[in-house]
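I sat down with this model today and kept a few notes as I went. Here they are, in the order I looked things up.

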Amino acid sequence: MSIFDEVVDRNNSNSLKYDTARYRGIPDDVLPMWVADMDFKAPQPVLDRLDEKVRHGIFGYSDSDDRYFNAIKNWYADRFSWSVKPEWLVKTPGVVFAIGIAIRALTNPGQAVMIQQPVYAPFSGMVKKNKRQLIVNQLAYHNQTYQIDLDDFEKQIIRHQVKLFVLCNPHNPVGRVWTKEELTAMGEICVRHGVYICSDEIHQDFVYAGHKHEVLAQLSEPLAQQTLTCTAPSKTFNLAGLQVSNIFISNSHIRQKFKNELRASGYGLLSVMGLIACETAYEQGQAWLDELLVYLAGTISWLNTYLSQHIPQIRMIQPEGTYLLWLDCSQLGLSAVELDQFMLSKAGLWLSAGTSFGQGGKGFQRMNIGCPRSMVQKAAQQLSEAVRSLS
Ligand SMILES: Cc1ncc(COP(=O)(O)O)c(C=O)c1O
């Protein structure tokens, strides 16, 4: 029995994942496996520290100190051999927020920003909402794996005079952990053409055996000078509701532009609960995370076997990282709308629609397995019965 087997009732807990079904027109009894948070309690030391703060009882304006920075610094040094400096750090209430700030700080309306679809939907949303031109370097899908089309990557940059590239590494939803070679190749092209890179590394801590997360900014000094690295404890320790992320920008000119835009947004200080949770998680969360990674790998292995034995029509793209599984359901022969409806009404599963990730998402669904294995098992059985009912 693992601590992650505990089923915690999230109903009526202000949970986006669980409590918003009705107003989104979703049936009540579906299993929510969509938005990327987990159904696990945060590490105990984090809960204890938050408890202590509640008992202290004062929640005035708050800021971080050396202890906060040292906790993050040590995490990066231990896990990724990356050495970060205090002046590089800019705190924001979220990574999507930081991407929006980066777009406004580093590009003008109408200028081109490139992403790689299928990808986490807010990437395109931030580009379009900020009235920049959306350029897509489509990921190439062959034999159930995804590769970067580097020729197209450079051509798009040249043709559209791309100013900023928003990278997702590890990649949500296709589960790739880009290799040093792939990152270096993309990085060199960006350096050659003076393209800034906003590297969203929020899933960096979820990497499975045989793969390694490379911090893009660490690969070369010229690359570091053009890159903003977006990190957060929110996915790693399930703290998304506490709204804290840490953006590292080593180039002082870019950092100043980013800070100016941040100030213009009116945002100042993070929430005190977010600050202390982040600090404690990075200080004391190593063992919890290591156990979680083993648990998630076990769930993926169980589901792999189950799908091949019971639902061979649905193929899981083998995840190298993240707790989000990208399922190729194209063999079911359903249209995008039919597939979404099938998952909700027939299988009783609330997943993320493949089409929400942009080009290349048709025929796919994303399943969040950051939950007790018993829930994944129930979901798989429901899915198997639903697929059988199609024939
Ligand atoms: C790639 C990626 N970036 C950013 C986020 C959201 O980050 P935040 O809640 O800090 O805005 C997610 C959440 O799913 C994500 O998958």
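**Domains.** I began with the division of the protein: domain 1 covers 3–43 + 286–390, and domain 2 covers 58–284. Bear in mind, as I did, that this is a predicted model. I looked up the separation of the two domain centres, taken over C-alpha atoms, and noted 25 Å. Next I checked the contact between them, to which domain 1 gives 26 residues and domain 2 gives 36 residues. On the domain 1 side, I found two elements that give two or more residues, helix H11 (286–310) and strand S12 (324–328). S12 has the largest share of that side, with three residues. I also sorted the domain 1 side by class and wrote down 13 nonpolar, eight polar and five charged residues.

**The seven-stranded sheet.** Which order do the seven strands of the open sheet take? I read it as S2-S10-S9-S8-S7-S3-S4, with mixed pairing. The edges are strand S2 (89–92) and strand S4 (133–136), each of which pairs on one side only. Ignoring direction, I noted an average turn of 20° between neighbouring strands of this sheet. I then took a look at the S2 edge, where four bridges join S2 to strand S10 (residues 245–249) in an antiparallel run. Here I found Lys91 opposite Asn246 in S10.

**Helices on that sheet.** My next stop was H4, which packs on the sheet and touches S2, strand S3 (112–115), strand S7 (164–168), strand S8 (196–200), strand S9 (227–231) and S10. I compared its direction with that of S8 and got about 175°. H5 packs on the sheet as well, touching S3, S4 and S7, and its direction makes about 175° with that of S3.

**H4 against H5.** I followed these two helices to where they meet: the axes of H4 and helix H5 (residues 122–129) come within 10 Å and cross at roughly 35°. I noted the crossing as right-handed. Which residues make the contact? From H4 I listed Val96, Ile99, Gly100 and Ile103, and from H5 Pro122, Met126 and Val127. By class I have six nonpolar residues, one polar and no charged ones.

**The ligand.** I turned to the ligand and found 14 residues around it, the closest being Ala36, Gly94, Val95, Val96 and Asn172. Val96 was already in my notes from the contact with H5. Which element gives the most to this shell? I found that helix H4 (residues 95–106) does, with three residues. My class tally for the shell is nine nonpolar, four polar and one charged.

**Cis peptide bonds.** I checked the peptide bonds next, keeping in mind that most peptide bonds are trans. A cis bond joins Asn169 and Pro170, with omega about -10°. Another cis bond joins Asn172 and Pro173, with omega about 15°. I placed Pro170 in the loop between S7 and helix H7 (180–192), and Pro173 likewise lies in the loop between S7 and H7. Asn172 is a name I had already written down among the closest residues to the ligand.

**H2 against H10.** I looked up a second helix pair, helix H2 (residues 44–56) and helix H10 (residues 272–284), whose axes come within 9 Å and cross at roughly 145°. H2 passes H10 in a right-handed crossing. On the H2 side I listed Pro45, Val46, Arg49, Leu50 and Lys53, and these meet Val272, Met273, Ile276, Ala277, Thr280, Ala281 and Gln284 in H10. The contact divides into eight nonpolar, two polar and two charged residues.

**The four-stranded sheet.** How does the open sheet of four strands pair? I found antiparallel pairing, in the order S11-S12-S15-S14. Its edge strands are strand S11 (315–316) and strand S14 (352–353), each pairing on one side only. At the S14 edge, two bridges hold the antiparallel pairing with strand S15 (residues 364–368). For Ser352, I noted Arg366 as the bridge partner in S15.

**A last backbone check.** I ended with Asn14, a residue other than glycine with a positive phi, near 60°. I located Asn14 in the segment before helix H1 (16–19).

Technical notes: Residues are numbered from 1 along each chain as its sequence is written. This is a predicted model: local features need pLDDT of at least 70, side-chain atom pairs count only at pLDDT 80 or more; totals for chains, interfaces and linings use all residues. A residue is near a molecule or strand if its C-beta atom, placed from the backbone, lies within 6 Å of it. Ala, Val, Leu, Ile, Met, Phe, Trp, Tyr, Cys and Pro count as nonpolar, Asp, Glu, Lys and Arg as charged, and the others, Gly among them, as polar. Axes are lines fitted to C-alpha atoms, for helices over the stretch in contact, and angles run from 0 to 180 degrees between N-to-C directions. A crossing is left-handed if the near helix is turned anticlockwise from the far one by less than a right angle, and right-handed if clockwise. Two residues are in contact if their C-beta atoms, placed from the backbone, lie within 7 Å. Two strands pair if DSSP finds at least two bridges between them. Domain bounds come from an automatic or database domain assignment.
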